[in-house]
Amino acid sequence: MGNENRQKTIDWLGNALVTVVSPGARDARASNHTDFVVDALGKAIIAGEYPAKTMIPLDPDLCEIFNVSRTVIREAKKTLIAKGLIQSKAKVGTHVRPPSEWNMFDHDVLRWHTALKNPVQFHDELFEIRLFFEPAAAAKAARSANNIDCDKLFELCDALANAETRAEFAIADCEFHKRVLGLSGNRFLQSLGDIVQTALYSLFMIEKDETFLSLREEIAQNHRRVAEAISTGAAQEAKEIMEHVITQGQLRLQAPRK
């Protein structure tokens, strides 16, 4: 199970990197025409190219734009409707829903936000919600984790400290935080892993290699403190240290703005 989760983290990071570093490559990797249309329209809506309450192009126009069939367009629109991005009404057309109605827990909606040119509000909201649930998850983990669970946390701390590349560091970081969510034993908390991955991926994209090297040991040590608190059953301490870890991450993300 651990290897499966690790591979999912690696795949997620790889897909996100492809999207931002080489948008055309994402298109080439699309499994079919529907994925291609969903990805293109989704990113356009998130970026504000189609503002809230405005109509997206009619189906015949979309067919021409993307050089696909009406069946593909209909399937793509169904997917975007399920994600809360658009609403379609007979004889009226399809309009973009307000951002407050988007499914912000959706994997693709999160990924599309990371590609925004000005993601300040998204980042602030992302770290705000992390502060709501991750410290609570750490506290709950401290009340129930066993030695085997904690050994894995310490292994991930070692992986953070010994990471030679930012990619290796980001993967270990994601795995650590998702492991804590898993140890909470709460299925709702466990399902929030994509939010954590998105936040850590955002950090990955803005940090330079020299910044990563200078902060690697400090970040690894802070994560080790979380692991130690969980392993000793110190719920309040685990909660407070996790709050510190997330706050420090947010400050690192905000630093380039200043």
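Contact here means heavy atoms within 4.5 Å. The tour concerns a predicted model.

**Whole chain.** Display the entire protein as a cartoon; 13 helices and two strands should appear. Of its 258 residues, 46% count as buried. Among contacts between residues at least 6 apart in sequence, 70% join residues at least 24 apart.

**Helices α3 and α5.** Next, select residues 33-46, which form α3, together with residues 70-82, which form α5. The two axes come within 9 Å and cross at roughly 50 degrees. That angle makes α3 oblique to α5. The crossing of α3 past α5 is right-handed.

Now show side chains where the two helices meet. On α3, choose His33, Thr34, Val37, Val38, Leu41 and Gly42; their partners on α5 are Val72, Ile73, Glu75, Ala76, Thr79 and Leu80. By class, this set comprises seven nonpolar residues, four polar and one charged.

**Lys83.** Move on to Lys83, in the loop between α5 and β1 (86-89). Is Lys83 buried or exposed? Lys83 is buried, because its relative accessible area is 8% and buried means under 20%.

Select the surroundings of Lys83. Leaving aside residues up to four places away in sequence, Lys83 touches Val38, Trp102, Asn103, Asp106, Asp108, Val109 and Trp112. Val38 has already been visited, as one of the α3 residues that meet α5. Finally, centre on Asp108: its side chain makes a polar contact with the side chain of Lys83, at 3.1 Å.

Notes. Residues are numbered from 1 along each chain as its sequence is written. This is a predicted model: local features need pLDDT of at least 70, side-chain atom pairs count only at pLDDT 80 or more; totals for chains, interfaces and linings use all residues. Side-chain values use heavy atoms; hydrogens and water are left out. Axes are lines fitted to C-alpha atoms, for helices over the stretch in contact, and angles run from 0 to 180 degrees between N-to-C directions. Helices (H or I, at least four residues) and strands (E, at least two) are DSSP runs, numbered from the N terminus. Angles under 35 degrees count as roughly parallel, over 145 as roughly antiparallel, 65 to 115 as roughly perpendicular and the rest as oblique. A crossing is left-handed if the near helix is turned anticlockwise from the far one by less than a right angle, and right-handed if clockwise. Ala, Val, Leu, Ile, Met, Phe, Trp, Tyr, Cys and Pro count as nonpolar, Asp, Glu, Lys and Arg as charged, and the others, Gly among them, as polar. Buried means under 20% relative accessible area, exposed over 50%, partly exposed in between (1.4 Å probe, protein chains only). A polar contact is a pair of N or O atoms within 3.5 Å; within protein, one must be able to donate a hydrogen and the other to accept it, and residues adjacent in sequence count only if both atoms are side-chain atoms.
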